[in-house]
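Biologist: I would like to learn how to read cavities, pockets and single residues in a model. Could we go through one case step by step?

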Amino acid sequence: MAIQLKHGRDAAARAEADAGVRSKVEEILAEVERDGDKAVARLSREFDNWSPESFRLSDEDIQKAMSQVSPRDLEDIKFAQAQVRRFAEAQRASMQDVEVETLPGVVLGHRHIPVNAVGCYVPGGKYPMVASAHMSVLTAKVAGVKRVVASAPPYKGAPHPAIVAAMHLAGADEILVLGGVQAIAAMAIGTETIAGVDMLVGPGNAFVAEAKRQLYGRVGIDLFAGPTETLVIADDSVDAEICATDLLGQAEHGPTSPAVLLTNSEKLARETMAEIERLLEILPTREIARQAWEDFGEVIVCKDEAEMLSEADRIASEHVQVMTRDPDFFLNNMTNYGALFLGARTNVAYGDKVIGTNHTLPTRKAARYTGGLWVGKFLKTCTYQKVLTDEASAMVGEYCSRLCMLEGFAGHAEQANVRVRRYGRRNVEYATAAE
């Protein structure tokens, strides 16, 4: 049985925090619904001290921002985007339209149709999440989305140049400097100056994630993403330094980011806990990372790999760093995770920033039923059917007529019957089953 050496916050404390977030988000969404641009402007002043004449950047604004990005940084952004584009294009190529004649004269098919308009949120409060622009905007464009609106909060009182550059290079059609729930609300609901979208994507803090949850149905969403979670699965083939580094590397995202060590070595577990304390004395982002570790960090010791697998699937973490002698055991057997990072040579930061897979991933156990953001999230798989001959229509109609009457749907049955009469030249009594 697994032993927990360190516990995170209890469920009651988390539920209380979640309730406060829900209430505030409901209030903000209602205000934007009621007052439109006026509400967005007020909320932006309140939360970000940001009140420009327009939240939408002009072409001149975009070029000005890009001119402030160093050539090296621009090249790095382009390199990362090339990797994301390459993988996204391969994923898109794997999704083929289908058309098949299932019976003589009966043709069924499906087409992958891009969503028309998508809003991409790029976090930028504590940290300017440049990479989120690649993951959302670029992936949407590879999928074929016609209108992509990208929004990020101001950073230190201005548009963040590198975020703007990344959005522009990724292909954003509109760029907004607007953050938080007000940005999510403006894109989803629409205002006098911001046309609404059909779908929202991108990670964010607890408030952004809750806004997406409350708006789901009114618009589509990619998934519930945020706050960041990480799970390190390790055995004694690695050391405490690398485990502690990988845990704190994600804990620095925010004070509510869970970081969990799962191991079959109590020695590694205790050494990692000690190493975390050492690193928290020197890590520049230690204030945030320490709070996340103290409140949401966990250390679980299992008896063997089988129990580690069971615990990992129970946790269903967003990021899973596997550093064991046989990481492919988890690749071949795990079912609940956002993304796997296999072996000590890779890590979550590679996936977050540059390697090419998408970093918008399921959190809060959503990995039990969904994967992360990819081109397929922006595509609607829509079916169609064609009946090409009189004989096929009449034959299918006879089956359909009887099945509709079995359920008591006489009107449905008549849709079949009228075709049996016309194309099969049979006299079927009105609102009865074809014999």
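Biologist: How much space lies in the second largest cavity?

Modeller: First, a caution: this is a predicted model. In it, the second largest cavity holds about 40 Å³ of space. The count of cavities of 30 Å³ or more comes to two.

Biologist: Which residues line the second largest cavity?

Modeller: A lining is read as a list of residues, then by element, class and domain. Here the list is Val 84, Phe 87, Ala 88, Gln 91, Thr 139, Gly 356, Thr 357, Asn 358 and Leu 373. Helix H4, residues 71–93, gives the most to this lining, with four residues. By class, the lining of the second largest cavity has four nonpolar and five polar residues, and no charged ones.

Biologist: From which domains does the lining of the second largest cavity draw at least three residues each?

Modeller: From domain 1 (17–96 + 112–222) and domain 2 (227–372). The chain as a whole is divided into these two and domain 3 (389–434). As for domain 3, its centre and that of domain 1, taken over C-alpha atoms, are separated by 51 Å.

Biologist: Now the other cavity. How much space lies in the largest cavity, and which residues line it?

Modeller: The largest cavity holds about 40 Å³. Its lining consists of Ala 152, Pro 153, Pro 159, His 160, Ile 163, Val 164, Met 167, Ile 175, Leu 176 and Val 177. Helix H6 (161–170) and strand E6 each supply at least two residues of that lining. The class split is nine nonpolar, one polar and no charged.

Biologist: Take one of those lining residues, Ile 175. Is Ile 175 buried or exposed?

Modeller: Burial is read from relative accessible area, with buried meaning under 20%. Ile 175 counts as buried because its relative accessibility is 3%. The residue sits in strand E6, which spans residues 174–177.

Biologist: What does Ile 175 touch, not counting residues up to four places away in sequence?

Modeller: Contacts beyond the sequence neighbours show which parts of the chain meet at a residue. For Ile 175 they are Phe 55, Arg 56, Leu 57, Ile 62, Ala 150, Val 164, Met 167 and His 168. Two of these, Val 164 and Met 167, are also in the lining of the largest cavity. For a distance along the chain and in space, take Ala 269: Ile 175 and Ala 269 are 94 residues apart along the chain, and their C-alpha atoms are separated by 45 Å.

Biologist: Strand E6 also holds Glu 174. Which side chains make polar contacts with the side chain of Glu 174?

Modeller: A polar contact is read from the distance between the atoms of a pair. The side chain of Glu 174 has one with the side chain of Arg 147 at 2.7 Å, and another with the side chain of Arg 56 at 3.3 Å. Leaving aside neighbours within four places in sequence, Glu 174 is in contact with Arg 56, Arg 147, Val 148, Val 149 and Ala 150. Arg 56 and Ala 150 are also touched by Ile 175.

Biologist: Why does Glu 174 count as buried?

Modeller: The same cut-off applies: buried means under 20%. Glu 174 counts as buried because its relative accessibility is 16%.

Biologist: Next, the pocket. How much space lies in the largest pocket?

Modeller: About 960 Å³. Of the 39 residues that line it, the closest to its centre are Pro 123, Gly 125, Lys 126, Gly 204 and Asn 205. Helices H1 (11–35), H2 (37–48), H7 (180–189) and H8 (206–215) each supply at least two lining residues. The lining of the largest pocket divides into 17 nonpolar, 17 polar and five charged residues. Domain 1 and domain 2 each give at least three residues to this lining.

Biologist: Last, backbone angles. Which sign does phi of Asn 49 have, positive or negative?

Modeller: A phi value is read together with the residue type. Asn 49 is not a glycine, yet its phi is positive, about 50 degrees. This residue is found in the loop between H2 and helix H3 (59–67), and Asn 49 is exposed, with a relative accessible area of 68%. Arg 425 also has a positive phi, near 55 degrees, in a residue other than glycine. Arg 425 lies in the segment after helix H16 (410–424) and counts as exposed at 65% relative accessibility.

Definitions and conventions: Residues numbered from 1 in each chain as written. Predicted model: local features only at pLDDT ≥ 70, side-chain atom pairs only at ≥ 80, totals over all residues. Heavy atoms only, no water. Buried < 20%, exposed > 50% of the residue type's maximum accessible area, 1.4 Å probe, protein only. Contact = heavy atoms within 4.5 Å. 1 Å grid on protein atoms, 1.4 Å probe; cavity = no way out; pocket = protein on both sides within 12 Å on 5 of 7 lines; lining within 4 Å. Points joined across faces, edges and corners; volume = space filled by probe spheres on them. Nonpolar A, V, L, I, M, F, W, Y, C, P; charged D, E, K, R; others polar. Domains from an automatic or database assignment. Polar contact = N/O pair within 3.5 Å; in protein donor to acceptor, adjacent residues only side chain to side chain.
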